[in-house]
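Morning, everyone. Please have a look at the chain on the screen while I talk.

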Amino acid sequence: MFVNAKEMLIKAAKEKYAVAQININNLEWTKAALTTAQEQKSPIILGVTGGAAKYMGGFATVVQMAKTMDKCLGITVPVAIHLDHGSYDECLACIDAGFTSIMFDGSHFPFEENVAKTKEMIALARKNNMTLEAEVGAIGGEEDGVVGNGDVADPAECKAIADLGVDFLAAGIGNIHGSYPADWPGLDFGVLTKVAELTGGLPLVLHGGTGIPVEMVQKAISLGVAKINVNTECQLAFAAATRKYVEDGKDKQGKGFDPRKLLAPGAEAIKQVVKEKFELFGSVGKA
């Protein structure tokens, strides 16, 4: 059941759990995410970067695949399809393609320009019954060419963006995309607490959900994080399971080369990661 993300995230923030954004990269990813959400009775956000959409044939292709699969699989839990780290032009393309939610990432612009462009995107999102995520303080690491230095957000700037009317807000608190290095100092909960206070209960977003220690995830949720993004962990699990299948020689047994068999272990590995995230984030049974 495709919806925008507003109600699911307001409910999550109020009840102190988080909705997982599972980034999708192909048909197997999408099916694994949707079926696991249905099995666990959990709301879910399907995240799509510009690069992933290009790989899959464009934003419109992704939307049609996901919505048709949702219908054919009989998915009844709330599902949002969300642009992740969208540029101005990508946001416009996703509005045309039929996404239900978009993230405008203006964190690399001077703050005044981020405000102006975010305000414009809010108006477009409202017109099209979409939810809008904004970002303050660049998230560290790299995601499809979007590079951030791991800036810690200014709580006052977070309040200014929140006051524009965004539906949820990503604030940099030391989190990064990809795997975390051994010397990573951890999340800045002081900044998160201040941002939560100033934004008045607005659902907050934690990017870079792969590798953050369990206790940090749980504390972040308790302080107002209602959406957590997961991508790299699914990719690593998919790669490891596919590698094992080939190294075990199963692709050479009978018709083991059939992509339906070749990719099945990877898809199952994604499902296991997604299930674990639902449990950790507390969203099981919340649909």
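I'll go through the strands, then two helices, then a single residue. Keep in mind that this is a predicted model.

Strands first. Eight strands form a closed barrel. Their order around it is 1-2-3-4-5-8-9-10, and the pairing is parallel. From one strand to the next, the twist averages 25°.

Let's zoom in on one pair. Strand 2 covers residues 44-48, and strand 3 covers residues 79-86. The two run parallel, joined by 5 bridges. Find Ile44, and opposite Ile44 you'll see Val79 in strand 3.

Now the helices. Helix 5 spans residues 88-97, and helix 6 spans residues 111-127. How far apart are their axes? The answer is 11 Å, with a packing angle of about 0°. Angles under 35 degrees count as roughly parallel, so helix 5 and helix 6 are roughly parallel to each other.

Who touches whom? Helix 5 brings Tyr88, Cys91, Leu92 and Ile95. Helix 6 meets them with Lys117, Glu120, Met121 and Leu124. By class, that contact has 6 nonpolar residues, 2 charged ones and no polar ones.

Helix 6 also lies across strand 4, residues 101-104, and strand 5, residues 131-136. Helix 6 runs at about 170° to strand 5.

Last stop: Ile173. You'll find Ile173 in the loop between strand 8 and helix 8. Is Ile173 buried or exposed? Buried means under 20% relative accessible area. Ile173 has 2%, so Ile173 is buried. Compare its position with Glu15: the two are 158 residues apart in sequence, and 22 Å apart in space, C-alpha to C-alpha.

Methods
Residues are numbered from 1 along each chain as its sequence is written. This is a predicted model: local features need pLDDT of at least 70, side-chain atom pairs count only at pLDDT 80 or more; totals for chains, interfaces and linings use all residues. Side-chain values use heavy atoms; hydrogens and water are left out. Axes are lines fitted to C-alpha atoms, for helices over the stretch in contact, and angles run from 0 to 180 degrees between N-to-C directions. Helices (H or I, at least four residues) and strands (E, at least two) are DSSP runs, numbered from the N terminus. Angles under 35 degrees count as roughly parallel, over 145 as roughly antiparallel, 65 to 115 as roughly perpendicular and the rest as oblique. Contact means heavy atoms within 4.5 Å. Ala, Val, Leu, Ile, Met, Phe, Trp, Tyr, Cys and Pro count as nonpolar, Asp, Glu, Lys and Arg as charged, and the others, Gly among them, as polar. Two strands pair if DSSP finds at least two bridges between them. Buried means under 20% relative accessible area, exposed over 50%, partly exposed in between (1.4 Å probe, protein chains only).
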